[in-house]
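Biologist: Could we go through this protein together, one region at a time?
Modeller: Certainly; let us have it in view before we begin.

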Amino acid sequence: MQHTLVAVFDNRSDAQKAMDDLLAGGFNRSDVRLSEGGAQAGTTAAGSELREDESIGESIKNFFSDLFGSDRGDRMEQYSEAISRGNYVLTVTAPNEPEVERAADLVERYGPIDIDEHASGWAAGSTAGSSAGAMRTGSQSSSSSAPASMQSGQGSMQSGQGSVQGSTGSSMQYAKTESEAIPVVQEELKVGKREVQRGGVRIFSHVVETPVDESVNLREEHVTVQRRAIDKMVDPAEVPAFQEKSFEMRETAEEAVVNKSARIVEEVVIGKEVTSHEEHIKDTLRRTEVEVEQLSGGTTNDDDYYRSHWNSNYASAGKPYDEYAPAYRYGSDMRRSELYRGRPFEDVETDLRSDWSRTHPGSTWENFKAAVRHGWDRITS
């Protein structure tokens, strides 16, 4: 089912840049339309002219009638009023919800105006533009929901959720139905164990040669021959004379003989020794906390309360209540902001003074400080 996104811009440059980004992001030219206000009301992004028999007002009315279908009501009147006041309305049609959300992310970069806030100003006869008081959700909020100035829907249906943003950059979202479920998320810690390599031992065996020096005593024999002179008569009967004889006497000697033998003199034994130890794990677990804040009875009651306070304290000074009302609202809005939650007024006064001077030029802080403080204390109490 098709979805249509509608965004309103107060200047041509931002609207054109947003349209160029949509086309560069893959959206078809035929699905993107830029309706211009003022003298060019009724023209489209393709530059087509109005039919000769169709007036500017009829073109705007027919365009938003096709867009909103039977659900036209106040919303169609707001966008028609935006066109007639010279604003620029950019529409893009997408085939599904993820695509229309992607289109919203692209368009939000260029600061579409808050149509609801401007519509209330038009109803009061104001020509509120993109002043410091106007809320531009696209430039300060990363919320993926369509802001009040951008409405998306299925076919002719509009999105029921808007985003209203204050000057502090925080946003408030309103539930689509009478009840809204807010999940509370909490992390759990699970500790396990796994086997990892911590090192080990590798053993090598190699041969080492060591020189040795030993002494051994060797015996040798030597034959000696001696001749001795003898003068003695030989009895022929006892000793045969003149016979040939021979004798041998051999010499012996010792020589060194080397022999090697291997012996086991030591052994190296390797094994594993298992030990265990207890390790204390420290970590941080996250969980979401849902805070419930009681709101006041309504804008009307707050306005009556502040008007009564103005009448008792400032009416005699001659300045009208309309000059003090923004200060009362500013104090209550800042007290609700997450940026200042739980902090006393004295600690944040410097920041509030700086932000007030930026968002309310021409309104001296010292003149409205007491009203801001009263709005702050009303929320605190």
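**Selected residues, cores and a pocket**

Modeller: Ile379 counts as partly exposed, since its relative accessibility is 23%. Please keep in mind that this is a predicted model.

Biologist: Which helix holds Ile379?
Modeller: Ile379 belongs to helix H10.

Biologist: And how many residues along the chain separate Ile379 from Arg336?
Modeller: They are 43 residues apart along the chain, and a distance of 7.4 Å separates their C-alpha atoms.

Biologist: Let us turn to Ala325. Is that one buried or exposed?
Modeller: Ala325 is buried, because its relative accessible area is 6% and the cut-off for buried is under 20%. Ala325 lies in helix H8.

Biologist: How far is Ala325 from Phe368 in space?
Modeller: The distance is 9.8 Å from C-alpha to C-alpha, with the two positions 43 residues apart in sequence.

Biologist: Which residues touch the most other members in the largest nonpolar core?
Modeller: That core has 20 residues, and those with the most contacts to other members are Tyr324, Tyr328, Leu352, Trp356, Val372 and Trp376. At least two residues of this core come from each of helix H7 (299–313), helix H8 (321–336), helix H9 (345–359) and helix H10 (365–380). The greatest contribution is that of H8, with seven residues.

Biologist: What does Trp356 touch, leaving out residues up to four places away in sequence?
Modeller: On that basis, Trp356 touches Pro326, Ala327, Tyr330, Ser363, Thr364, Trp365, Phe368 and Val372. Another core, of 19 residues, lies apart from the largest one, and its members include Phe9, Leu90, Val92 and Leu106.

Biologist: Now a loop. Where is Arg85 found?
Modeller: Arg85 sits in the loop between helix H3 (73–84) and strand E3 (88–94). Arg85 is partly exposed, because its relative accessible area is 33%, and partly exposed covers the range between the cut-offs of 20% and 50%.

Biologist: How far apart are the C-alpha atoms of Arg85 and Asp10?
Modeller: They are separated by 9.4 Å, although the two residues are 75 residues apart along the chain.

Biologist: A change of topic: how much space lies in the second largest pocket?
Modeller: The second largest pocket holds about 1,000 Å³ of space. It is lined by 21 residues, of which Arg194, Glu195, Val196, Arg198 and Thr275 are the closest to its centre.

Biologist: What classes of residue make up the lining of the second largest pocket?
Modeller: Its lining has six nonpolar, eight polar and seven charged residues.

Biologist: Finally, what about the whole protein? How many helices and strands are there?
Modeller: The protein has ten helices and six strands. Of its 381 residues, 29% are buried. The exposed area is about 28,300 Å², and 47% of it is supplied by carbon and sulfur atoms.

Biologist: What share of the contacts with a separation of 6 or more joins residues 24 or more positions apart?
Modeller: Such residues account for 71% of those contacts in the protein.

Terms used
Residues are numbered from 1 along each chain as its sequence is written. This is a predicted model: local features need pLDDT of at least 70, side-chain atom pairs count only at pLDDT 80 or more; totals for chains, interfaces and linings use all residues. Side-chain values use heavy atoms; hydrogens and water are left out. On a 1 Å grid over the protein atoms alone, a cavity is a set of points where a 1.4 Å probe fits but cannot get out, and a pocket is an open set with protein on both sides within 12 Å along at least five of seven lines; lining residues have an atom within 4 Å of a point. Grid points are joined across faces, edges and corners, and a volume is the space filled by probe spheres set on the points. Ala, Val, Leu, Ile, Met, Phe, Trp, Tyr, Cys and Pro count as nonpolar, Asp, Glu, Lys and Arg as charged, and the others, Gly among them, as polar. Helices (H or I, at least four residues) and strands (E, at least two) are DSSP runs, numbered from the N terminus. Buried means under 20% relative accessible area, exposed over 50%, partly exposed in between (1.4 Å probe, protein chains only). Contact means heavy atoms within 4.5 Å. Accessible areas come from the Shrake-Rupley method with a 1.4 Å probe; for residues, only the protein chains shown count as cover. A nonpolar core is a set of buried Ala, Val, Leu, Ile, Met, Phe, Trp, Tyr and Cys residues joined through side-chain atoms within 4.5 Å.
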